[in-house]
Structure formats: structure tokens, C-alpha cells
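Me: I'm new to looking at protein models. Could you walk me through how to read a few features?

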Amino acid sequence: MYVFFNSRDELQRIEVSKIVYFEADGNYTDIIMVNKLRASVCMNLGEMERALAAQTGEAGNHFMRIGKRFIINMDYVYSINVLKQQLILSDYDHFAFQVSISKEALRRMKELMIKSPNNEQNKSHE
């Protein structure tokens, strides 16, 4: 599945599974991909969130808005360290991105992940 970002002068076609995270930069959003390429799109993070949902439907459930600056692909969450305000996103093989996020946003994210029905640890404790 691909998402498309079209402007007057440019069209970007990006495979959804290759997106690691989105980062707000004022009225722009940077898209960081598994191959470490970074694309910039002229829309704020709220607009990006809506565009992503409209284009991906159920596949968009892999993405989560974290705080004011980030939308992350939950498939790449490797480590959440609330005290260090640090999120590490990795494919366990080729890349690891370290992102600084507020303690409160990381706490909420951690709680949601623990409660997730896809969490195997939860299933074994039920």
C-alpha cells in the first residue's frame, strides 16, 4: 500500500510499511523512512494525520500520534524509556532512530501498548 503526497511541483509516492515516523516542522512534516531518506511535505502534522487516515484506512491503525511533534509507526517501536524521555524505533536489523518525546506522551503510549490486544504478554496473563 502506498500513500501519495501531491503538490504543485512534486508528487511523492511512499510505501506505508517503509515509513518509520513523521515529525512536525512548522507548516511542514518530515517523513522519515527505513532507508533513512527524509521527505518533506507542505502540510502540518494535523493535516498529515487526516491525509494518512484517508489514504490508508485500516492500515493507518499502525500509526499513532505522539505529542505535538510526532506520528510514529507502531511496528517499529523498540524501546520506550519514560525517565530519559526517549523512544527508539528500529527494525532490529538496519536502522535505529532515537526520538525525544515528553514523559507524559511516552507514559500514555506505554500504557496503550501494554493494553493492546496484539500484545502477546497480555494474552499469556489473561
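Reply: Sure, we'll go through salt bridges, a pocket and a surface patch, keeping in mind that this is a predicted model.

Me: Let's start with salt bridges. What's the general idea?

Reply: Side chains of opposite charge can pair when their charged atoms come close. In this model the count comes to six salt bridges.

Me: Which residue forms a salt bridge with R65, and how far apart are the closest N and O atoms?

Reply: That's E49, with the closest N and O atoms 3.0 Å apart. The pair links distant parts of the chain: R65 sits in strand β6 (residues 63-66), while E49 belongs to helix α1 (residues 45-56), and the two are 16 residues apart.

Me: Are those two buried or exposed?

Reply: In between, in fact. R65 has a relative accessible area of 32%, so it counts as partly exposed. E49 is partly exposed as well, because its relative accessibility is 34%.

Me: And what about salt bridges inside one helix?

Reply: Try helix α2 (residues 103-115), where you'll find both E104 and R107. They are three residues apart, about one turn of the helix, and their side chains meet in a salt bridge at 3.6 Å, N to O. E104 also forms a salt bridge with R108, again with the closest N and O atoms 3.6 Å apart. R108 and E104 are four residues apart in helix α2, which is also about one turn. Elsewhere, salt bridges that share partners join E23, D30, R38 and R69 into one network.

Me: How exposed are the residues of that helix pair and its neighbour?

Reply: E104 is partly exposed at 43% relative accessible area. R107 is partly exposed at 37%, and R108 is partly exposed at 42%.

Me: Now pockets. What is the volume of the second largest pocket, and which residues line it?

Reply: With a pocket, look at the volume and then at the lining. Here the volume is about 150 Å³. The lining is made by F5, N6, S7, E10, Q12, Y28, S40, V41, C42 and M43. The elements giving two or more residues to it are β1 (2-6) and β5 (38-41). By type, the lining residues divide into five nonpolar, four polar and one charged.

Me: Last one: which residues make the nonpolar surface patch of about 290 Å²?

Reply: Y2, F4 and L11 make it. L11 lies in strand β2 (residues 11-15). Since the cut-off for exposed is over 50%, L11 counts as exposed because its relative accessibility is 54%.

Definitions and conventions: Residues numbered from 1 in each chain as written. Predicted model: local features only at pLDDT ≥ 70, side-chain atom pairs only at ≥ 80, totals over all residues. Heavy atoms only, no water. Patch = residues over 30% accessible without salt bridge, like charges linked within 9 Å, V, L, I, M, F, W, Y side chains within 5 Å. Areas by Shrake-Rupley, 256 points an atom, 1.4 Å probe, with all protein chains shown as cover. Salt bridge = Lys/Arg side-chain N within 4 Å of Asp/Glu carboxyl O. Buried < 20%, exposed > 50% of the residue type's maximum accessible area, 1.4 Å probe, protein only. 1 Å grid on protein atoms, 1.4 Å probe; cavity = no way out; pocket = protein on both sides within 12 Å on 5 of 7 lines; lining within 4 Å. Points joined across faces, edges and corners; volume = space filled by probe spheres on them. Nonpolar A, V, L, I, M, F, W, Y, C, P; charged D, E, K, R; others polar.
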